[in-house]
Amino acid sequence: MITSNAPGEPDPVRGGSFYDAPHVLERYLRHRHSGVRSPNHVMEEPAFLDELGPVAGLRVLDLGCGDAAIGPPLLAAGCRGYLGIDGSTEMTRAAAATLRGTPGRVERRDIETFSAPPHTFDLVISRLALHYVADLDPVLAACRRSLSPGGRLLITVVHPVITSHEAPQATKEARTDWVVDDYFSTGARRRDWMGDTVTWYHRTVEDYVTALTRARFAVTALRECAPRSDRFDGDTAEFARRARVPLFLLLAGSRT
Ligand SMILES: C[S@@+](CC[C@H](N)C(=O)[O-])C[C@H]1O[C@@H](n2cnc3c(N)ncnc32)[C@H](O)[C@@H]1O
């Protein structure tokens with residue numbers, strides 16, 4: 001388990017309420033959907049879609065769903081149900097707008113307290129939300145319980161080389177240097193992100209894999225979301241910049 005900040009340090013800024021600040025929400029959604037300039041689009045999404053596989057007939061739970069942009073495509077691909085969970089009131093509102101007119105649903109709930117009856121879902125996804133969660137063990141246990149036999153878990157998080165340390169950025173230009181430090185000192189990190197400060201929880205790659213196996217998932221994929229050249233619209237300089245460091249870690253597991 002990863003504990004919260006050390007004594008004397010400020011209280012953690014929780015992921016859900018962080019996104020309720022209008023300046024954060026607007027900036028995040030603009031960044032998230034900015035195409036070639038979005039690392040999600042050029043790195044995280046291609047790996048995520050590779051590992052997703054066929055979804056026809058599946059009941060999908062999305063933890064930390066944000067604006068639920070993935071919901072309509074999943075439903076169009078034949079998934080039997082989509083439930084998004086998010087701790088942010090504003091994100092939940094954005095997700096409800098995204099899902100309007102579809103059978104998909106969203107609930108404002110914290111990932112840490114979410115539970116569902118056994119065998120409610122066939123696939124649990126969580127994209128870039130679990131590094132906001134201090135203790136993964138109960139969350140993964142709840143995921144396992146809610147999955148049908150053979151059900152799958154597919155998650156992405158900010159890569160541990162990025163969560164380990166935040167070196168101040170000297171200029172406002174696109175970042176060209178990164179510092180990995182305090183890698184094995186896991187726990188809470190205050191991060192300047194999207195114009196404000198939030199708490200992320202740093203874990204090593206090994207910690208993530210161990211947490212999955214401890215929750216009795218058989219790990220079926222571990223990917224570091226290398227940039228995909230076909231997503232850069234020919235911007236070779238940006239491709240080369242994105243090839244310098246991993247930004248995202250993907251893990252997939254099946255319920256044993
Ligand atoms: C970086 S965004 C990712 C959103 C979406 N999954 C996507 O890929 O676009 C992280 C989301 O997780 C939500 N979140 C963070 N911590 C949470 C928590 N403890 N419980 C519920 N939601 C949380 C935030 O409100 C935000 O919508």
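This passage describes the surroundings of the ligand, the packing of helix 2, and two loop residues in a predicted model.

The ligand is a good place to start. Around it stand 21 residues, and the closest are Arg32, Gly64, Asp86, Glu112 and Arg127. Sorted by class, this shell is made up of eight nonpolar, six polar and seven charged residues. Polar contacts to the ligand come from both backbone and side-chain atoms. A polar backbone atom of Gly64 lies 2.7 Å from a nitrogen atom of the ligand, and a polar backbone atom of Gly87 lies 2.9 Å from a ligand nitrogen. Tyr28 contributes through its side chain, where an N or O atom is 3.4 Å from an oxygen atom of the ligand. The ligand on its own would expose 590 Å², and the protein buries 97% of that area. Two elements, helix 1 (15–18) and helix 2 (22–32), give two or more residues each to the shell.

Helix 2 deserves a closer look. Its buried residues are Val24, Leu25, Tyr28, Leu29 and Arg32. Viewed down the helix axis, these residues fall within an arc of 115°, so they line one face of helix 2. The face turned away from this buried side carries the exposed residues Pro22 and Arg30. Two of the buried residues have already appeared above: Tyr28 has the side-chain contact with a ligand oxygen, while Arg32 is among the residues closest to the ligand. The buried residues of helix 2 also pack against a range of other elements, namely helix 1, helix 3 (39–52), helix 5 (89–99), strand 4 (121–127), strand 6 (187–193) and strand 7 (196–202).

Two loop residues on either side of helix 3 complete the picture. Ser38 sits in the loop between helix 2 and helix 3. With a relative accessible area of 0%, Ser38 is buried, because buried residues are those under 20%. Leaving aside residues up to four places away in sequence, Ser38 touches His31 and Arg32. Arg32 thus links the three parts of this account, as one of the residues closest to the ligand, as a buried residue of helix 2, and as a contact of Ser38.

Gly53 lies in the loop between helix 3 and strand 1 (59–63). Its relative accessibility is 37%, so Gly53 counts as partly exposed, between the limits of 20% and 50%. From Gly53 to Ser88, the C-alpha to C-alpha distance is 29 Å, and the two residues are 35 residues apart in sequence.

Note on methods:
Residues numbered from 1 in each chain as written. Predicted model: local features only at pLDDT ≥ 70, side-chain atom pairs only at ≥ 80, totals over all residues. Heavy atoms only, no water. Near = heavy atom within 4 Å. Polar contact = N/O pair within 3.5 Å; in protein donor to acceptor, adjacent residues only side chain to side chain. Areas by Shrake-Rupley, 256 points an atom, 1.4 Å probe, with all protein chains shown as cover. Helix = DSSP H or I, 4+ residues; strand = E, 2+ residues; numbered from the N terminus. Nonpolar A, V, L, I, M, F, W, Y, C, P; charged D, E, K, R; others polar. Buried < 20%, exposed > 50% of the residue type's maximum accessible area, 1.4 Å probe, protein only. Arc of directions from axis to C-beta. Contact = heavy atoms within 4.5 Å.
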